[in-house]
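Please walk through this assembly by beginning at the nucleic acid and then turning to the contact between the protein chains.

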There are 2 protein chains.
Amino acid sequence: MDHALVSPEHPIDAETIAAERPGDHRAELRLWLRLLTCTTMIEGEIRRRLRRDFDVTLPRFDLMAQLDKAADGMTLSDLSKRMMVSNGNLTGLVDRLVASGHVARRASETDRRAQVISLTDLGRAEFRAMAEAHEGWIAEMFAGLSRDRVERLMELLARTKNSVREASRDA
Amino acid sequence: MDHALVSPEHPIDAETIAAERPGDHRAELRLWLRLLTCTTMIEGEIRRRLRRDFDVTLPRFDLMAQLDKAADGMTLSDLSKRMMVSNGNLTGLVDRLVASGHVARRASETDRRAQVISLTDLGRAEFRAMAEAHEGWIAEMFAGLSRDRVERLMELLARTKNSVREASRDA
DNA sequence: CGACTTTACTTTAAGCTTCAAATATCGGCT
DNA sequence: AGCCGATATTTGAAGCTTAAAGTAAAGTCG
């Protein structure tokens, strides 16, 4: 189904590709779809396993992961930037994590608008257990890639990130 | 901060990497986070632009994109598999698209359980306009990657996809 | 045929997510 | 001091998403 518009009955060689008409961006489009598929598959699998083994949602895990890296806690705005989600989103997520005793809010000492969020002992303990399993799952899912390919993929994605940032800047 | 535990003060060469302790999967973890960041950035930008220029949500666009590829329409199950979202999700999404006149439901002629969803003329026309802009946006975002790098990334992601599928099969 | 399993879809509850609007505070500037 | 634009957060409305449970129709097989 993928190559429907690119002569599926003929092999696609370098010549064919080089003969692309200007303004044809099907390659990039396919690349994006493949990138999206990979991410969706991995994310879905992680979500399922987190629920199955720890009865936790992915957003809760993600938020705790950010907090685990910041011993002194972070503000909602920091979290929002790092997690790339909206501010309003975090309000509710943090509310629920406070309710379940995994994170704590305290007022910022320097800015009366802000509050600092941090993991409770319970939250940290539970997160550490989940994180260990999580790392194993990720390793499993990338097990089919040699160390060398992992490195190359990493590098290409770094370039992608820069390219996207560039394009988004002057939207 | 990245290789903090892998002797940051010394250059990291092939030997150092090869000397990783077994059970250390930090490289894969970082790769996953980078992959996720790329996807999130692109997805967010596409979402913003679709809303800004066409007042449409990404899920609606995605669903119409699937239908545009299937002249005769698809069942909800087909859509569910292709879009990798749950069945229940689609029920509501299709409901809203029917309400706005972009897609139509009809009963399957061969299976009384199933219904076939297809684009209306309105839906197709609007989708085509959006799709053209969308392709341009994607091209923009990947503009920083040479054709060669696009090809290599595509190939590495194909391997990733296979690796993930393998790992998910016997979850 | 009739029991059983699978498949197609809907419904419900809970949670996630965004955008936009509102509130409060901050920081710089005059 | 006082104004003003930026920042931190919350709220509300709408829509998205999943998991789980339920209904109905197909397919399978003895």
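**The surface near DNA strand C**

α5(A), a helix in the DSSP sense (an H or I run of at least four residues, numbered from the N terminus), gives the largest share of the surface near DNA strand C, four residues, where near means that a heavy atom of the residue lies within 4 Å of the strand. The model is a predicted one, in which local features need pLDDT of at least 70 and side-chain atom pairs count only at pLDDT 80 or more, whereas totals for chains, interfaces and linings use all residues. Residues are numbered from 1 along each chain as its sequence is written, chains are lettered from A and ligands numbered from 1 in the order in which they are written, and side-chain values use heavy atoms, with hydrogens and water left out.

Among the 26 residues around DNA strand C, those that come nearest are Ser86(A), Arg96(A), Ser77(B), Arg113(B) and Gln115(B). Of the strand's atoms within 4 Å of the protein, 75% belong to sugar and phosphate. A polar side-chain atom of Thr57(A) lies 2.9 Å from a phosphate oxygen of DNA strand C, while an N or O atom in the side chain of Arg113(A) is 3.0 Å from a base oxygen of that strand.

**Between the chains**

The contact (heavy atoms within 4.5 Å) takes 55 residues from chain A and 57 residues from chain B. Leu31(A), Trp32(A) and Met154(A) supply 11% of the area that chain A buries against chain B, more than any other three residues; buried area is the accessible area (1.4 Å probe) that two parts lose on being put together, summed over both.

How values were computed
A polar contact is a pair of N or O atoms within 3.5 Å; within protein, one must be able to donate a hydrogen and the other to accept it, and residues adjacent in sequence count only if both atoms are side-chain atoms. Helices (H or I, at least four residues) and strands (E, at least two) are DSSP runs, numbered from the N terminus.
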